[in-house]
Amino acid sequence: AVKVPDVNWVFKEHPAAAYYTTRDVDYAAIFGPGLPDNVYFLDRDADFNAASLRYLADAIVTCQGTVGMEYSSLGIPCVLAGESPYSGLGFTYEPASIADYERQLKEIKTLPRLNEDQIKRARSVMYFELRLLQETSFLFCPYFDLDTIMKMTADRFYGDAAAHLSQADPQALADQINSLAECV
């Protein structure tokens, strides 16, 4: 951000950062006095409506946050700094190396808006992901409480999901999947 002064960089702490404690990053040291005027930091308690970023952002950078699919669904390009659940689906920029990542950040203001197909992909993925988190009843998901899911191992979750699926009505499952596919 310091090396690219012609871009305004807004670093926003994750709103659920309390659940993702980071012990090796000192935000006060990184975003303390002496930052250039083009670099801003908003902690999770900042009096700022994150929904307004969609009107301001020309691009988003995240590791694997939902912000990558949220803003991609609005046509705003996203650079991934790590592998995410939606990696490889054709609507994000995914640097192949640290050098490629640095190059993309230096050229971030030149990233084009996403095309119609990329937006549709992002919206499909976002709908599926966020509806699950909002406790929608899906025949292919046995749990609807995020705290419960976060406390269990992946093996337990997928084992329970497989057992849940084996009891689902095949036609109802097909209808639900087809309905989701048509949502965008």
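## Contacts around F48

Contact here means heavy atoms within 4.5 Å. By that criterion, and leaving aside neighbours within four places in sequence, F48 is in contact with K12, L42 and L53. The model in which these contacts are found is a predicted one.

F48 sits in the loop that runs between β2 (39-42) and α2 (53-56). Its relative accessibility is 30%, so F48 counts as partly exposed. K12, one of the contact partners of F48, is 36 residues away from F48 along the chain, and the C-alpha atoms of the two are separated by 9.9 Å.

## Overall build

The protein chain has eight helices and four strands. Taken in sequence order, these elements follow the pattern β-α-β-α-β-α-β-α-α-α-α-α.

The protein chain has 184 residues, and buried residues make up 30% of them. About 12300 Å² of the protein chain is exposed, with carbon and sulfur atoms supplying 53% of that area. Where contacts join residues at least 6 apart in sequence, 51% of them are between residues at least 24 apart.

## Nonpolar cores

The largest nonpolar core holds 14 residues, and those touching the most other members are I60, M69, Y71, Y86, F91 and V125. At least two residues of this core come from each of α3 (67-72), β4 (78-80) and α5 (116-133). Helix α5 gives the most, with three residues.

M69 shows how parts of the chain meet in this region. Apart from neighbours within four places in sequence, M69 is in contact with Y86, F91, A122, V125, M126 and E129. Among these partners of M69, Y86, F91 and V125 are themselves on the list of residues that touch the most other core members.

A second core, separate from the one above, consists of seven residues; V7, W9, L105 and I108 are among them.

## T92 in the β4-α4 loop

T92 is placed in the loop between β4 and α4 (98-106). The relative accessible area of T92 is 13%, which is under 20%, so the residue is buried.

The side chain of T92 makes a polar contact with the side chain of E94, at 2.7 Å. Beyond its neighbours within four places in sequence, T92 is in contact with S72, C78, L80 and Y86. Y86 is also a contact of M69.

## Surface positions

A nonpolar patch on the surface is formed by V25, Y27 and I30, which together have about 230 Å² of accessible area. I30 belongs to helix α1, which covers residues 27-30. With a relative accessible area of 48%, I30 is partly exposed. The limit for inclusion in a patch is over 30% relative accessible area, and the value for I30 is 48%.

D37 is found in the loop between α1 and β2. Its relative accessible area is 71%, and because exposed means over 50%, D37 counts as exposed. D37 and P5 are 32 residues apart in sequence, while their C-alpha atoms are 8.5 Å apart in space.

Note on methods: Residues are numbered from 1 along each chain as its sequence is written. This is a predicted model: local features need pLDDT of at least 70, side-chain atom pairs count only at pLDDT 80 or more; totals for chains, interfaces and linings use all residues. Side-chain values use heavy atoms; hydrogens and water are left out. Buried means under 20% relative accessible area, exposed over 50%, partly exposed in between (1.4 Å probe, protein chains only). Accessible areas come from the Shrake-Rupley method with a 1.4 Å probe; for residues, only the protein chains shown count as cover. A nonpolar core is a set of buried Ala, Val, Leu, Ile, Met, Phe, Trp, Tyr and Cys residues joined through side-chain atoms within 4.5 Å. Patches are made of residues with over 30% relative accessible area and no salt bridge: like charges are joined within 9 Å, nonpolar side chains (Val, Leu, Ile, Met, Phe, Trp, Tyr) within 5 Å. A salt bridge is a side-chain nitrogen of Lys or Arg within 4 Å of a carboxyl oxygen of Asp or Glu. A polar contact is a pair of N or O atoms within 3.5 Å; within protein, one must be able to donate a hydrogen and the other to accept it, and residues adjacent in sequence count only if both atoms are side-chain atoms.
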